[in-house]
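Visitor: I have just begun to study protein structures, and I would like someone to walk me through one of them with care. Could we look at the model together?

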Amino acid sequence: MTENEKCVFLDRDGVLNEELGYQITDLKDFKPIKGLHNELQRLKKNGFLLIVITNQSGIAKGHYTDEFIFTCHRMLQKSCGHLLDDLYFAPGHESVSKSLLRKPESLMFEKAIAKHGIDIKQSWMIGDKERDIIPAAQLGLKSILISSEKAVSLATHQAAALKDAIDIILT
Ligand SMILES: [Mg+2]
């Protein structure tokens with residue numbers, strides 16, 4: 001496979017759905033951000049694959065199951081018109097078991113890059129935590145930290161919201 005696909009990797013909580021300040025364990029708390037379809041459409045029209053990369057330690061902790069993650073993902077897909085190309089989630093937590101999947105480790109990214117033939121040089125990560133940015137920096141992806149305040153970060157860029165992050169990518 002030639003590695004010529006460009007991709008925007010997206011963290012889930014706080015990027016695609018509203019950050020509530022606690023782990024989402026109930027579907028009623030899962031709220032895709034307003035305008036998600038329009039925003040992701042802008043990336044899609046420019047030829048980017050859109051891949052969700054999310055830590056979900058609530059599985060290891062017994063707060064919910066894989067099925068809850070798939071249900072949330074179907075809700076996201078419905079709200080964005082099925083623009084998301086793939087989903088990777090890390091079920092582990094260091095209090096239960098160590099995992100190379102869980103960000104800031106990079107294995108979820110490496111799996112996606114191999115499966116989809118992704119060109120790292122043309123690709124981006126958008127996240128709202130430094131642990132989203134660390135694996136991106138290690139792999140050489142450009143990265144955007146979504147933060148309302150100026151933060152010390154390895155991210156190549158910062159933005160206040162998803163819309164602004166996409167503006168940066170498309171500039
Ligand atoms: Mg997040």
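Guide: What follows is a set of questions and answers about this model, which is predicted.

Visitor: In what order do the strands of the open sheet lie?

Guide: As general background, strands of a sheet pair through backbone hydrogen bonds, and they do so either in parallel or antiparallel fashion. Here the pairing is parallel, and 6 strands take part in an open sheet. The edge strands, each of which pairs on one side only, are S3 (86–90) and S6 (157–159). Read from one edge to the other, the order is S3-S2-S1-S4-S5-S6.

Visitor: Which residue of S4 is the bridge partner of Val8?

Guide: Strand S1, made of residues 6–10, pairs in the parallel sense with strand S4, made of residues 124–127, and 3 bridges join the two. For Val8, the bridge partner in S4 is Trp124.

Visitor: What angle does the direction of helix H3 make with that of S3?

Guide: Helix H3, which covers residues 107–116, packs on the sheet and touches S1, S2 (48–55) and S3. Taking the direction of H3 against the direction of S3, the angle is about 155°.

Visitor: What span should helix H2 have, at 1.5 Å a residue?

Guide: Helix H2 runs over residues 66–79, which makes 14 residues. Its end C-alpha atoms lie 20 Å apart in the model, and this agrees with the expected span, which at 1.5 Å a residue is 20 Å.

Visitor: How are H1 and H5 oriented to each other?

Guide: Helix H1 (residues 36–45) and helix H5 (residues 162–170) pack with their axes 10 Å apart, at an angle of about 15°. Angles under 35 degrees count as roughly parallel, and the two helices H1 and H5 are therefore roughly parallel to each other.

Visitor: How many nonpolar, polar and charged residues does the contact of H1 with H5 have?

Guide: From H1, the contact is made by Glu39, Arg42 and Leu43, while H5 brings Leu162, Lys163, Ile166, Ile169 and Leu170. Sorted by class, these residues are 5 nonpolar, no polar and 3 charged.

Visitor: Which residue does a cis peptide bond join to Lys103?

Guide: The omega angle of this cis bond is about 20°. The partner of Lys103 lies in the loop between S3 and H3, and this residue is Pro104.

Note on methods:
Residues are numbered from 1 along each chain as its sequence is written. This is a predicted model: local features need pLDDT of at least 70, side-chain atom pairs count only at pLDDT 80 or more; totals for chains, interfaces and linings use all residues. Two strands pair if DSSP finds at least two bridges between them. Helices (H or I, at least four residues) and strands (E, at least two) are DSSP runs, numbered from the N terminus. Two residues are in contact if their C-beta atoms, placed from the backbone, lie within 7 Å. Axes are lines fitted to C-alpha atoms, for helices over the stretch in contact, and angles run from 0 to 180 degrees between N-to-C directions. The expected span of a helix is 1.5 Å times one less than its number of residues. Angles under 35 degrees count as roughly parallel, over 145 as roughly antiparallel, 65 to 115 as roughly perpendicular and the rest as oblique. Ala, Val, Leu, Ile, Met, Phe, Trp, Tyr, Cys and Pro count as nonpolar, Asp, Glu, Lys and Arg as charged, and the others, Gly among them, as polar.
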